[in-house]
Amino acid sequence: MAGFRSFLKSGHSPTLFASFLYFAFSCCIWVLNGAMAPFISETFSLSPAQKGLMLSIPIMAGALMRFPLGLLSQYIGRKKATLVEMGMIMVAMLFGFFFVKSFNDLLAMGVLLGIAGASFGVALSLGSGSFPPKHKGLAMGLVGAGNVGTAVCVLVAPPLAQAFGWVTVYGFAAAAIAIPMGVMVVFAQEPPDLDPHASFKEHIACLFEKDGWAFSLIYAVTFGGFIGLITFLPTYYYDQFGVSKVQAGQLTMLAAFMGAALRVFGGWISDRWGGVNTLNIVLMTVAVTLVACGLASGSLVLTTLLMILCFAALGAGNGALFQLVPLRWPLATAVAGSMIGEIGALGGGLVPNAMGLSKQYAGSYMWGFILFAGLAVVMLFMLRIMQVRWTRTWAEKGGRARSA
């Protein structure tokens, strides 16, 4: 406890909390359609491919909005950027409440849900910006644990949809976003870790560097797998095992909560052991558990246990990767994090589509799992190659912060 208190005193803890709450609410809203997918699918009689499309649109839209929001935050400040975004989320939820009447309206709503998914890079940079390099991993892990909002969503949204109708849940979300807005206004401060004289070219330098793309591709597996599977799992449990709509959300919550909690651990252990070392173990675990999930499609218990283990690895991997980001881009973390988050979330958009197409054309979800496991193996080989230069130039052995 003394060590944790020392960590909190090393930065601005109220901003850390405000960033966590903002990210948690944003994650909750981002996966809203996924949590309510069994209800929505029943209303519009969707095919497996249509379900995959409906679930992938919020993920991809959120991904594409991340980099522009991160770039905006470099100019107007991260705190102001969060308030602009949350105001837009409120308007988007009101659109859903009043205007979603058809499947096409639902697809448009998916684009608007993507606004919430843009929060990632700004939230992590804002919350960790006042902390020293040796504590960046833990600070980012704590803010990133706002992924628990996905677990809250899949737990709370289905009972609300069952009691009041799924469209009404958008109205509840419009009211709820006022909570993190108020906390952000009152408690958050803009951190000092920006270069106010940096040019536009310097802000976007990560777009043209191999390291930026390597980080992005790895994140497409760790975070892409996390958000893509959370969005799809309620549908998978409902269709594959015949559980109720509410039970499908509860089972998804178990995995989602594990992934969010282990993100903190991933950041903490990476500060001490190194983010590169952690990612090597993470990618191996993800590949093995995904293949096992594809082969265990007849057992609900085994599938749930494997999913919990897979999400634990994904969460730790997310924390590990973002322990490395501020070491590589110490003065442009918001932009670099947003770019990496953008590509990573786009990877998540592959999951529901791959699952839906696998089911519709191969009669099984197994090939969707195997495809994503193969991507994890490819990223593992890439990491083994890239880490040699990383640990010679900007990180200590294993991916720890340099003492200087």
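**Exercise 1. Describe the second largest pocket and its lining.**

The second largest pocket has a volume of about 210 Å³ in this predicted model. Its lining is made up of 11 residues, and those closest to the centre are Pro133, Pro326, Leu327, Pro330 and Ala401. By residue class, the lining of this second largest pocket holds 6 nonpolar, 2 polar and 3 charged residues.

**Exercise 2. Find which helices line the largest pocket, and classify the lining residues.**

Begin with the volume, which is about 280 Å³ for the largest pocket. Next, take the lining: 16 residues, of which Phe25, Cys28, Val152, Val156 and Ala176 are the closest to the centre. Then assign helices. At least two lining residues come from each of α2 (13-30), α10 (148-164) and α11 (166-176). The most come from α10, with 7 residues. Last, sort by class: 15 of the lining residues of the largest pocket are nonpolar, 1 is polar and none is charged.

**Exercise 3. Count the aromatic pairs and classify the geometry of Phe164 with Phe172 and of Tyr236 with Phe369.**

The count is 29 aromatic pairs. For Phe164 and Phe172, the centres are 5.4 Å apart and the planes are at 75°. Planes over 60 degrees apart count as edge-to-face, so the pair of Phe164 and Phe172 is edge-to-face. Phe172 is partly exposed because its relative accessibility is 36%, between the limits of 20% and 50%.

Tyr236 and Phe369 are also an edge-to-face pair, at 5.5 Å centre to centre and 80° between the planes. This pair links distant parts of the chain: Tyr236 belongs to helix α14 (residues 210-241) and Phe369 to helix α19 (residues 366-393), 133 residues apart. Both Tyr236 and Phe369 are buried.

**Exercise 4. List the members of the ring cluster, and find the charge that sits over Phe39.**

The cluster linked by ring pairs consists of Phe23, Trp30, Phe120, Tyr219, Phe223, Phe226, Phe311 and Phe322. Over the ring of Phe39 lies the charged end of Lys245, 5.5 Å from the ring centre.

**Exercise 5. Is Gly121 buried or exposed, and how far is it from Val335?**

Gly121 lies in helix α8 (residues 120-128). Its relative accessible area is 3%, and the cut-off for buried is under 20%, so Gly121 is buried. The C-alpha atoms of Gly121 and Val335 are 7.0 Å apart, although 214 residues separate the two in sequence.

**Exercise 6. Compare the span of helix α15 with the expected value.**

Helix α15 (residues 245-273) contains 29 residues. From first C-alpha to last it reaches 41 Å, close to the 42 Å expected at 1.5 Å a residue. Just after α15, Gly274 has a positive phi of about 110°.

Key: Residues are numbered from 1 along each chain as its sequence is written. This is a predicted model: local features need pLDDT of at least 70, side-chain atom pairs count only at pLDDT 80 or more; totals for chains, interfaces and linings use all residues. Side-chain values use heavy atoms; hydrogens and water are left out. Rings of Phe, Tyr and Trp (its six-membered ring) pair if their centres lie within 6.5 Å; planes under 30 degrees apart count as stacked, over 60 as edge-to-face and the rest as tilted. Buried means under 20% relative accessible area, exposed over 50%, partly exposed in between (1.4 Å probe, protein chains only). Helices (H or I, at least four residues) and strands (E, at least two) are DSSP runs, numbered from the N terminus. A charge sits over a ring if NZ of Lys or CZ of Arg is within 6 Å of the ring centre and within 35 degrees of the ring normal. The expected span of a helix is 1.5 Å times one less than its number of residues. On a 1 Å grid over the protein atoms alone, a cavity is a set of points where a 1.4 Å probe fits but cannot get out, and a pocket is an open set with protein on both sides within 12 Å along at least five of seven lines; lining residues have an atom within 4 Å of a point. Grid points are joined across faces, edges and corners, and a volume is the space filled by probe spheres set on the points. Ala, Val, Leu, Ile, Met, Phe, Trp, Tyr, Cys and Pro count as nonpolar, Asp, Glu, Lys and Arg as charged, and the others, Gly among them, as polar.
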